[in-house]
Amino acid sequence: MNAPVNPPKLHDCRDAFASTLERLAAENETIVAVCNDSVGSSKLGGFKSRFPERLVNVGIAEQNMVGVGAGLANGGRLPFVCGAAPFLTGRSLEQIKADISYSNANVKLVGISSGMAYGELGPTHHSIEDFAWTRVLPNLPVIAPCDRIETAAAVAWAATYIGPCFLRLSRVGVPDLLPEGHRFELGKANLLRKGSDVTLIANGTLTHRIVKAAEILADRGIDARVLNLATVRPIDEEAIIAAARETGAIVTAEEHSIFGGLGSAVAEVVVDYAPVPMKRLGVPGVYAPTGSAEFLLDEYGMSPSAIADAAQALIKRK
């Protein structure tokens, strides 16, 4: 298959995060950034230059970083606590539970380079458990924007939301999917494509892949609905139930283990309210090996064509 003559421009969602945070900080002097020696990877260089007294770099000490964020929130600041997603969540889960979630602290956790974005650094740097770890915690919205536009909207929303949240951002380039000016609504899915034969659900870097999968299915005469489910908790039960009842089959795709992530969250709603055949695509309960994020997603059956094949096979079970 020939590549598109004019392929869509790809954007790093970290850039949208950083530029939005700088704009908000110029408007709100209580905003501070806290990081774990990740000024570069969190794209906080501009923030540091403009607001040097409002950036706290704790070094490679993620547990301390979360505690510092909680302390700043208790002192009336609005902290955005940034770090590589596998270490922000994995190393600091106890602090996130006790200092942030249980305390309902007004801290915005920002997991950078989530999923398998650090692919070449191997299993220790893959963040394919973070949905499972974070979505189980009360008081903690879990959000994975699909593009730069939704990232900027989610950051702006987080700055006005009173309470903690976890933003999961990748460094893998993705095309724009949502319109300029999009406003983020917590717990609301975005219908990207109407359809009646099967529903494809994803978030983050997988969203544009399910859009492409739906286009492949359309060429095969299959009408696929596409939902961007950026909010993993609280999840849009209404959209999921409608998809189950109206299309009769659901495929989820995620840059995460199939255990405890987006697919599990969707399945919980489906089994409670509208049981239909489902297929959960993701990392199948193994430590993903070293390799680029694109290679690993394809390896685990999440290329657009593989997603389309999975949906077509699932329809036969309706």
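Which residue just after H8 takes a positive phi? This tour of a predicted model reaches the answer at its last stop.

**The two domains**

Begin by colouring residues 11-174 and 190-316 separately; the domain assignment of the protein gives these as domain 1 and domain 2. Their C-alpha centres lie 26 Å apart. Domain 1 contributes 31 residues to the contact between them, and domain 2 contributes 35 residues.

**The open sheet**

Next, show the strands as a cartoon and follow the order E2-E1-E3-E4-E6-E5-E10, in which seven strands form an open sheet with mixed pairing. The edges are taken by E2 and by strand E10 (231-233); each has a single partner strand, so one side of each is left without a neighbour in the sheet.

Now select strand E1, residues 31-35. Is this strand mostly covered or uncovered? Strand E1 is mostly covered, as five of its five residues are buried. With side chains displayed, Ile31, Ala33 and Cys35 can be seen to point one way, while Val32 and Val34 point the other way.

Add strand E3, residues 78-84, to the selection. E1 and E3 run parallel and are joined by five bridges. One place to look is alanine 33, whose bridge partner in E3 is phenylalanine 80. Then add strand E2, residues 55-57, which also runs parallel to E1 and is joined to E1 by three bridges. Here cysteine 35 has asparagine 57 of E2 as its bridge partner. Including helix H2 (residues 45-50) in the view completes a right-handed β-α-β unit made of E1, H2 and E2.

**Helix H1**

Move to helix H1, residues 13-27. From its first C-alpha to its last, this helix of 15 residues reaches 21 Å, close to the 21 Å expected at 1.5 Å a residue. Its buried residues include Phe17, Leu21 and Leu24, and also Arg14 and Glu22. Keep E1, H2 and E3 on display and add strand E4 (108-112) and helix H7 (148-160): these five are among the elements that cover the buried residues of H1.

**The largest nonpolar core**

Select Leu109, Leu229, Ile240, Ile250 and Val266. Of the 37 residues in the largest nonpolar core, these five touch the most other members. Helix H3 (62-74), helix H5 (93-102), helix H9 (237-247) and helix H10 (262-273) each supply at least two residues of this core. Why does the core lie between domain 1 and domain 2? Both domains give residues to the core, so its position is between them.

Centre the view on leucine 109. Beyond its neighbours within four places in sequence, leucine 109 is in contact with Val81, Leu88, Ile96, Ile100, Leu140, Cys165, Phe166 and Leu167.

**Two residues of helix H5**

Stay with helix H5 and pick glutamine 95, which is found there. Its relative accessibility is 16%, so glutamine 95 counts as buried. Not counting residues up to four places away in sequence, glutamine 95 touches Gln63, Val66 and Ile100.

Serine 101 also has its place in helix H5. At 2% relative accessibility, serine 101 counts as buried. Draw a C-alpha to C-alpha distance from serine 101 to leucine 137: the two are 36 residues apart in sequence and 6.5 Å apart in space. Apart from neighbours within four places in sequence, the contacts of serine 101 are Ile96, Leu137, Pro138 and Asn139.

**Helix H8 and the residue after it**

Finish at helix H8, residues 207-219. Its 13 residues should span 18 Å at 1.5 Å a residue, and the 19 Å between its end C-alpha atoms agrees with this. The buried residues of H8 are Thr207, His208, Arg209, Ile210, Val211, Ala213, Ala214 and Leu217. Their cover includes strand E7 (190-193), strand E8 (198-202), strand E9 (224-228) and strand E11 (250-257), together with helix H11 (293-299) and helix H12 (304-315).

The last selection answers the opening question: just after H8, glycine 221 takes a positive phi of about 85 degrees.

Note on methods: Residues are numbered from 1 along each chain as its sequence is written. This is a predicted model: local features need pLDDT of at least 70, side-chain atom pairs count only at pLDDT 80 or more; totals for chains, interfaces and linings use all residues. Side-chain values use heavy atoms; hydrogens and water are left out. Buried means under 20% relative accessible area, exposed over 50%, partly exposed in between (1.4 Å probe, protein chains only). Helices (H or I, at least four residues) and strands (E, at least two) are DSSP runs, numbered from the N terminus. Two strands pair if DSSP finds at least two bridges between them. A crossover is right-handed if, with the strands pointing away from the viewer, the path from the first strand over the helix to the second runs clockwise. The expected span of a helix is 1.5 Å times one less than its number of residues. Contact means heavy atoms within 4.5 Å. A nonpolar core is a set of buried Ala, Val, Leu, Ile, Met, Phe, Trp, Tyr and Cys residues joined through side-chain atoms within 4.5 Å. Domain bounds come from an automatic or database domain assignment.
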